[in-house]
Amino acid sequence: MSNFLQNVRSQIRGTVRDAVIRHHKRSGAVLFSDTTLRDGEQMPGATLEPDEKLEIALALEAAGVHSLDAGFPASSEADVVAIQKMVGVVKGPVLTALCRTVNSDIDAAARALDGNPMRKRGVSLFCGTSPLHRDHKLQKSKTEVLKIIADSISYANNAFQIVAFSPEDASRTEVDFLCECYKEAIDAGATTIGFPDTVGILTPEKTADFIKAIHDRVPNIDKVLLAVHFHNDLGLAVANTLAAIQHGGNVVQCTVNGIGERAGNAALEEVVMALAMNADQYKRSFRIDTTKLAPLCQLVAELTGIAIPKMKPIGGSNVFATEAGIHQDGLLKNPDTYLPFRPEAVGADGIQLVLGRHSGGKAIAHRLRQLNLPHTEADAAHVVAQIKRQPKGTVIDDTRLIELLKECRDA
């Protein structure tokens with residue numbers, strides 16, 4: 001009777017799981033799976049303490065991510081501690097742990113995620129499939145790789161309802177064999193298959209070809225979600241991610257600020273805003289609160305110690321700042337003249353009119369009014385002329401601005 005009940009429960013769980021997958025696929029929504037806490041943290045110098053990982057995880061939950069790649073339990077005790085801190089505290093997203101196709105890794109993931117509801121915990125398995133990985137890293141034949149995939153997924157199904165499989169170095173794997181790996185993984189019980197561009201070599205056009213081939217040549221693709229994971233070695237991770245979304249990708253794996261190995265990963269905030277700004281093109285919904293993006297970028301930069309480049313989209317300090325007089329004039333008349341979206345759309349601070357050699361009289365006058373400093377149009381013009389004569393690197397802050405105005409009146 002005990003075995004009978006166990007089988008019934010297993011069948012019920014499988015039915016529910018299949019229904020959830022069908023629902024996600026029918027909805028057309030893009031599910032964001034953040035890997036800042038695992039792939040992002042692998043970036044040299046970006047190490048996070050367990051409490052810091054929890055803080056970021058809670059911020060990601062508030063932003064609306066669907067799942068969190070919480071760590072690699074077999075790699076370090078710190079990852080185990082961090083994941084255990086999230087269990088029962090981070091309740092919205094599915095928490096997943098990375099594993100090699102090794103039973104002991106899966107066991108470590110099960111221990112780390114113990115206590116989280118079955119529907120809110122998962123395991124992500126990876127195995128090299130390209131000729132480079134098969135021949136030099138694994139020293140396994142295609143047949144042996146397929147058996148490893150099937151056996152490890154079957155083993156993972158004993159402890160997890162949510163089992164993802166990604167063929168490492170998929171973008172350098174023969175398409176026929178790649179699709180065979182996916183078919184084997186799905187038959188073995190995977191609920192998600194991943195397409196990782198592990199070394200970031202693809203273009204959007206080649207990405208589209210891969211995604212279309214997977215949909216066309218994996219006969220049981222309807223039973224799983226398709227996740228995509230792009231690295232940024234050619235600066236194309238976001239573009240490739242969008243191409244994959246346009247051709248049927250269900251889950252996007254990315255990191256905040258695009259941090260990660262080598263040149264990093266697709267940046268979550270950039271993919272989100274590209275979808276938001278081009279809804280007519282992609283016609284895909286998502287559940288990320290865009291007003292959480294800029295604060296999230298700042299939090300990750302602060303805790304990892306990896307500064308955000310000034311020109312970085314969404315989170316960079318220059319995104320809503322300008323020194324150019326023509327732009328400043330336009331922004332004062334209507335912010336939309338020189339902005340793709342307003343700061344409040346991503347939760348950023350307001351527009352910054354930086355005063356410098358390129359500034360015009362309108363920006364100077366605007367700042368003087370903000371400081372409640374009486375002035376004439378001639379005063380503003382004189383200050384502009386004086387600013388243009390300042391040595392390179394001179395910062396025109398409020399103190400210096402007041403000094404220049406005083407000099408003008410004393411002249």
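This passage describes the domain arrangement, the interdomain contact and the salt bridges of a predicted model.

The chain divides into two assigned domains. Domain 1 spans residues 1–304, and domain 2 spans residues 321–410. Their centres, taken over C-alpha atoms, are separated by 46 Å. The two domains are in contact, with 8 residues contributed by domain 1 and 7 residues by domain 2.

A UniProt annotation was also considered. The unreviewed entry records "domain: Pyruvate carboxyltransferase" over residues 30–294. Helix accounts for 42% of this span and strand for 18%. The C-alpha atoms at its two ends lie 20 Å apart.

The interface between the domains was then examined. The size of an interface is often given as the accessible area lost when the parts come together. Between domain 1 and domain 2, the buried area is about 480 Å². Carbon and sulfur atoms give 66% of that area. Polar contacts link 3 residue pairs between the two domains, counting pairs with both residues at pLDDT 80 or more. On the domain 1 side of the contact, two helices each supply at least two residues: α10 (268–277) and α12 (293–304). Helix α12 gives the most to this side, with 3 residues. By class, the domain 1 residues that touch domain 2 comprise 5 nonpolar, 2 polar and 1 charged. No salt bridge crosses the interface of domain 1 and domain 2.

Salt bridges were also counted over the whole model. Side chains of opposite charge can pair when their charged atoms come close. The structure holds 22 salt bridges. One of these joins the side chains of Asp69 and Arg38, with an N to O distance of 2.9 Å. Asp69 belongs to strand β2 (residues 67–71). Arg38 sits in the loop between β1 (31–34) and α2 (50–63). The pair therefore ties together parts that are 31 residues apart in sequence.

Note on methods:
Residues numbered from 1 in each chain as written. Predicted model: local features only at pLDDT ≥ 70, side-chain atom pairs only at ≥ 80, totals over all residues. Heavy atoms only, no water. Domains from an automatic or database assignment. Contact = heavy atoms within 4.5 Å. Buried area = accessible area lost by both parts, 1.4 Å probe. Salt bridge = Lys/Arg side-chain N within 4 Å of Asp/Glu carboxyl O. Polar contact = N/O pair within 3.5 Å; in protein donor to acceptor, adjacent residues only side chain to side chain. Helix = DSSP H or I, 4+ residues; strand = E, 2+ residues; numbered from the N terminus. Nonpolar A, V, L, I, M, F, W, Y, C, P; charged D, E, K, R; others polar. UniProt positions renumbered as here; feature names shortened; annotations may be inferred.
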